[in-house]
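The exercises below ask you to work through charged side chains step by step. Please look at the sequence and the model before you begin.

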Amino acid sequence: YVESNFCLEFAFQQEEYQYAEDLLKLAEASKIDLAFPQFALCEPFSTINRYGNERARFLVDLNRQLSELDRSAPHQPLVAGVRPLVATLARLQQGETDRLEEAIERMLKCGRSLPLTGPVFAAARQAESAFDLSPQDAIVLASVLEDLKSAPAAVPGEHCFVSRNSKDFAAARGNLTTLHCRYIAKFGDALSFITSKI
């Protein structure tokens with residue numbers, strides 16, 4: 001099981017990106033069952049938009065400063081050197097969105113999307129207060145737990161839930177363990193665990 005930070009690893013190509021890529025390739029090769037809450041596929045777009053909006057505000061301020069500096073002859077070479085960086089920063093969001101969309105498309109082709117149903121949402125509301133979770137994390141947890149409950153009896157340790165938000169899901173680990181699901185906080189550790197099982 002993965003959630004929105006798995007998708008964001010592809011969008012931002014952060015330090016665990018290659019491990020996430022390897023996990024996705026295992027799913028594409030039908031070596032593992034990749035499952036994810038439907039909700040987790042939508043949430044990353046708002047994250048990218050939020051970062052994009054923050055960058056846009058920064059660029060407005062930066063452009064204003066550069067315009068002022070450009071009026072001074074001694075600063076014009078500096079301004080000329082910074083302008084390409086401004087253009088690159090302005091284009092970042094499109095690249096991130098493209099990578100996110102590509103990753104989600106791949107996930108939908110090879111994985112299982114866990115639906116957000118009335119019972120799942122009701123369970124999420126309970127999990128929100130029981131485990132002090134954000135509404136988003138509660139929906140993710142409730143989706144995973146519901147799927148685990150409906151899964152055929154599993155060998156202990158057969159399932160794993162991978163999320164880099166270890167603090168957020170710490171209180172719920174016992175519920176996952178009861179359903180024979182291991183919580184793993186790093187994609188690299190998840191890859192090692194999974195490859196030891198296949």
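A residue is called buried when its relative accessible area is under 20%, exposed when this area is over 50%, and partly exposed in between. The model shown here is predicted.

**Exercise 1.** Find how D61 and R64 are placed in their helix, and classify R64 as buried, partly exposed or exposed.

*Solution.* Begin with the contact itself: the side chains of D61 and R64 form a salt bridge, with N and O 2.5 Å apart. Next, locate the two residues, which lie 3 residues apart in helix α3 (residues 39–70), and therefore about one helical turn separates them. Finally, R64 has a relative accessible area of 48%, so R64 is partly exposed, and D61, at 41%, is partly exposed as well.

**Exercise 2.** Determine which parts of the chain are linked by the salt bridge between R106 and E28.

*Solution.* The closest N and O atoms of R106 and E28 are 2.8 Å apart, and the two residues form a salt bridge. This pair connects distant parts of the chain, since R106 belongs to helix α4 (residues 76–110) and E28 to helix α2, with their positions 78 residues apart. As for accessibility, R106 is buried at 18%, whereas E28 is partly exposed at 37%.

**Exercise 3.** Trace the network of salt bridges to which E28 and R106 belong.

*Solution.* K25 and E21 form a salt bridge with an N to O distance of 3.9 Å, and they sit 4 residues apart in helix α2 (residues 17–28), about one helical turn. K25 is partly exposed at 44%, while E21 is buried at 8%. Together, E21, K25, E28 and R106 are linked in a network of salt bridges.

Conventions:
Residues are numbered from 1 along each chain as its sequence is written. This is a predicted model: local features need pLDDT of at least 70, side-chain atom pairs count only at pLDDT 80 or more; totals for chains, interfaces and linings use all residues. Side-chain values use heavy atoms; hydrogens and water are left out. A salt bridge is a side-chain nitrogen of Lys or Arg within 4 Å of a carboxyl oxygen of Asp or Glu. Buried means under 20% relative accessible area, exposed over 50%, partly exposed in between (1.4 Å probe, protein chains only).
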